[in-house]
Amino acid sequence: SILLYISGCKKILEEKPIGLLAPESFYKSKKDVEAAVFGAYGRLASEPLYGRQFVCALMFRGDMCGIGNRGTVAARIQVNDFNMDANNAMVSAFWPVWYQVISAANSAEAGAKTLGLAESDINPLIAEAKFVRALSYYHLVRCFGDIPYIDFFVSDPELVKSIGKTKEADVYKSIIKDLEFAKQWLPVTYVSDVRTRPTKATAAAYLASVYLTTADYANSYLEAKWVIDNKATYNYELEADYQDLFRAEKADNIREPIFAVDFKGLLFVGNQNDDLVGPMTGIRNTPQNGFGVNVPLLAVFTTWDAQDYRRKVSFDDSILNAAGVKIPYISFPNEKRPHIAKWRRFPGTANSDGRFSDHNYPDMRYAEILLIAAEAKTETTGPTQEAIDYINLIRARARNWPGNFTGFPVNSSLGAFSKQQLIDLILEERRLELSFEFKRWYDIKRRQLGDVVFKGPNSLEPQPNFTSSRDYLFPIPLTELQNNPNLKPQNTGY
């Protein structure tokens with residue numbers, strides 16, 4: 001486990017953030033570097049990031065989820081309704097924590113370089129630190145555009161106040177550089193084949209995603225195809241049962257995740273390891289004891305063909321009440337819509353409301369690599385049988401109800417699509433396959449679909465406030481601008 005380190009995960013999580021320690025005084029061995037990298041993972045698995053604030057903001061921003069209980073805090077409603085300002089509490093919560101992750105990664109890299117070890121000995125750990133930094137900036141740049149880019153250990157806190165923003169294009173160049181180094185030096189595998197630390201193929205998968213986001217489709221295809229061609233080496237495959245991807249008790253023993261963020265059930269250490277996604281999506285005033293805040297739009301459920309096994313896995317459309325009687329969603333006590341089941345149905349070791357779960361949240365899995373390859377290939381060469389085959393692999397799994405193979409969704413055929421029609425099909429397949437996995441907003445942004453999905457006639461979530469000149473980026477937190485005027489100008493419209 002990522003959170004375990006020699007004397008146990010509780011001790012490692014209670015340590016002061018490694019990024020605050022001077023490399024020359026702290027780092028005496030490779031184990032110290034590894035501890036700093038583990039500290040960065042600990043911050044990923046925290047309430048401000050994958051435990052609630054960041055991932056829920058991504059879900060609110062897309063067109064699959066909305067606010068259920070509108071008695072919730074205003075910041076969540078503002079993110080969902082496209083009317084937030086620079087004081088938004090969700091954004092202010094996750095911005096600094098991403099930079100804490102980056103600080104730990106920078107400290108690990110700087111400390112590793114002071115040890116004087118051979119490249120073959122220390123570069124795999126430096127590569128891991130670079131991967132974590134690249135992952136962090138990849139999320140930040142997609143959310144904020146131009147951002148402060150710091151890739152060195154900050155020994156003087158006053159220096160931060162003079163750092164300005166780096167252009168978005170240059171941030172992407174640095175992300176790619178770090179991922180290329182990671183692909184070169186990361187190992188092929190770890191003990192027990194854990195998927196919560198990156199391998200060479202993890203770096204390649206993220207390169208494929210970054211290139212897709214920046215519309216460098218030729219390189220995106222090359223990296224995705226490399227992962228596909230080497231799937232046996234890295235032990236990747238689609239899980240036979242889609243539900244198993246979201247059973248926390250199976251998270252450490254499945255082959256589809258390429259990189260995941262690891263939570264450890266019922267481990268209480270401040271806001272680290274505090275997973276509140278389950279309660280946020282759970283049904284209020286039922287045995288689930290959820291908050292009913294992050295709830296899918298009804299049209300998302302009703303327009304999804306019931307023959308698709310992924311719909312069954314993704315939603316709770318009925319529940320047993322306290323008396324053991326099954327009630328449908330139209331009779332739910334509060335928000336009368338199907339709720340997200342992926343993170344609430346099987347949380348493993350957890351509180352009664354699903355908090356402090358044992359989930360490994362997949363940030364990248366093999367199914368997404370197949371869809372990246374299909375999209376990038378189609379963009380570079382037009383419709384091909386290869387791209388169709390990747391889609392059909394995904395659909396074949398969606399037909400596999402436990403013990404019962406069905407005929408839906410049907411396979412696609414090459415001659416049925418123009419290039420744009422196939423791109424649209426792939427994006428739709430991404431929407432369904434990766435539903436509620438924090439990806440949809442990024443797809444809307446990179447394809448500039450906001451006016452279509454929020455204002456078009458087939459909108460699943462009509463949002464009249466959506467403004468394309470403003471809402472593809474979040475605001476930089478006002479407190480950051482006040483502390484460092486070099487971060488001005490604020491993003492447009494805030």
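**Chat about cysteines, odd backbone spots and helix packing**

Me: Hi! How many disulfides does a search of the whole structure find?
Reply: Zero disulfides turn up in the whole structure, a disulfide being a pair of cysteine sulfur atoms within 2.5 Å. Keep in mind that this is a predicted model, where local features need pLDDT of at least 70, side-chain atom pairs count only at pLDDT 80 or more, and totals for chains, interfaces and linings use all residues. Residues are numbered from 1 along each chain as its sequence is written, and side-chain values use heavy atoms, with hydrogens and water left out.

Me: Why is there no bond for Cys65?
Reply: The closest cysteine sulfur belongs to Cys56 and is 8.5 Å from that of Cys65, which is too far for a bond.

Me: And what about Cys143, how far is its sulfur from the closest cysteine sulfur?
Reply: That distance is 13 Å, to the sulfur of Cys56, so a bond is ruled out there too.

Me: Is Cys65 buried or exposed?
Reply: Cys65 is buried, with a relative accessible area of 1%. Buried means under 20% relative accessible area, exposed means over 50%, and partly exposed is in between, using a 1.4 Å probe and protein chains only. Cys143 is buried as well, with a relative accessible area of 1%.

Me: Changing topic to the backbone. Which peptide bond leading to Pro409 is cis?
Reply: The one from Phe408 to Pro409, with omega near 0°. Pro409 sits in the loop between β10 (404–405) and α18 (419–433). Those labels come from DSSP runs, with helices (H or I, at least four residues) and strands (E, at least two) numbered from the N terminus. The bond from Lys488 to Pro489 is also cis, with omega near 5°, and Pro489 is in the segment after α22 (478–483).

Me: Why point those out?
Reply: Because most peptide bonds are trans, and most residues other than glycine have a negative phi.

Me: OK, what is phi like at Phe82?
Reply: Phe82 is not a glycine, yet its phi is positive, near 55°. This residue follows α5, in the loop between α5 (74–81) and α6 (89–113). Phe82 counts as buried at 1% relative accessibility.

Me: How about Phe438, where is that one?
Reply: Phe438 is in the loop between α18 and α19 (440–446). Its phi is also positive, near 70°, and at 8% relative accessibility Phe438 counts as buried.

Me: Back to α5: how many of its residues are buried?
Reply: Six of the eight, so α5 is mostly covered. The buried ones are Ala75, Arg76, Ile77, Val79, Asn80 and Asp81.

Me: What covers them?
Reply: The cover includes α4 (53–61), β1 (65–67), α6 and α13 (277–281).

Me: Now helix packing. How do α10 and α11 cross?
Reply: The axes of α10 (residues 200–213) and α11 (residues 217–229) come within 8 Å and cross at roughly 155°. Axes here are lines fitted to C-alpha atoms, for helices over the stretch in contact, and angles run from 0 to 180 degrees between N-to-C directions. That makes α10 roughly antiparallel to α11; angles under 35 degrees count as roughly parallel, over 145 as roughly antiparallel, 65 to 115 as roughly perpendicular and the rest as oblique.

Me: Which residues of α10 meet α11?
Reply: Lys200, Ala201, Ala204, Ala205, Leu207, Ala208, Tyr211 and Leu212 in α10 meet α11 residues Tyr217, Asn219, Ser220, Glu223, Ala224, Trp226 and Val227. Contact means heavy atoms within 4.5 Å. By class, this contact has eleven nonpolar, two polar and two charged residues. Ala, Val, Leu, Ile, Met, Phe, Trp, Tyr, Cys and Pro count as nonpolar, Asp, Glu, Lys and Arg as charged, and the others, Gly among them, as polar.

Me: And how does α10 sit against α16?
Reply: The axes of α10 and α16 (residues 366–381) come within 10 Å and cross at roughly 40°. That makes α10 oblique to α16. On the α10 side, Ala205, Ala208, Ser209 and Leu212 meet Ile369, Ile372, Glu375 and Ala376 in α16.

Me: Last one: what does Gly450 contact, leaving aside neighbours within four places in sequence?
Reply: Gly450 is in contact with Ile444, Lys455, Phe466 and Tyr472. Gly450 lies in α20 (residues 450–455) and counts as buried at 0% relative accessibility.
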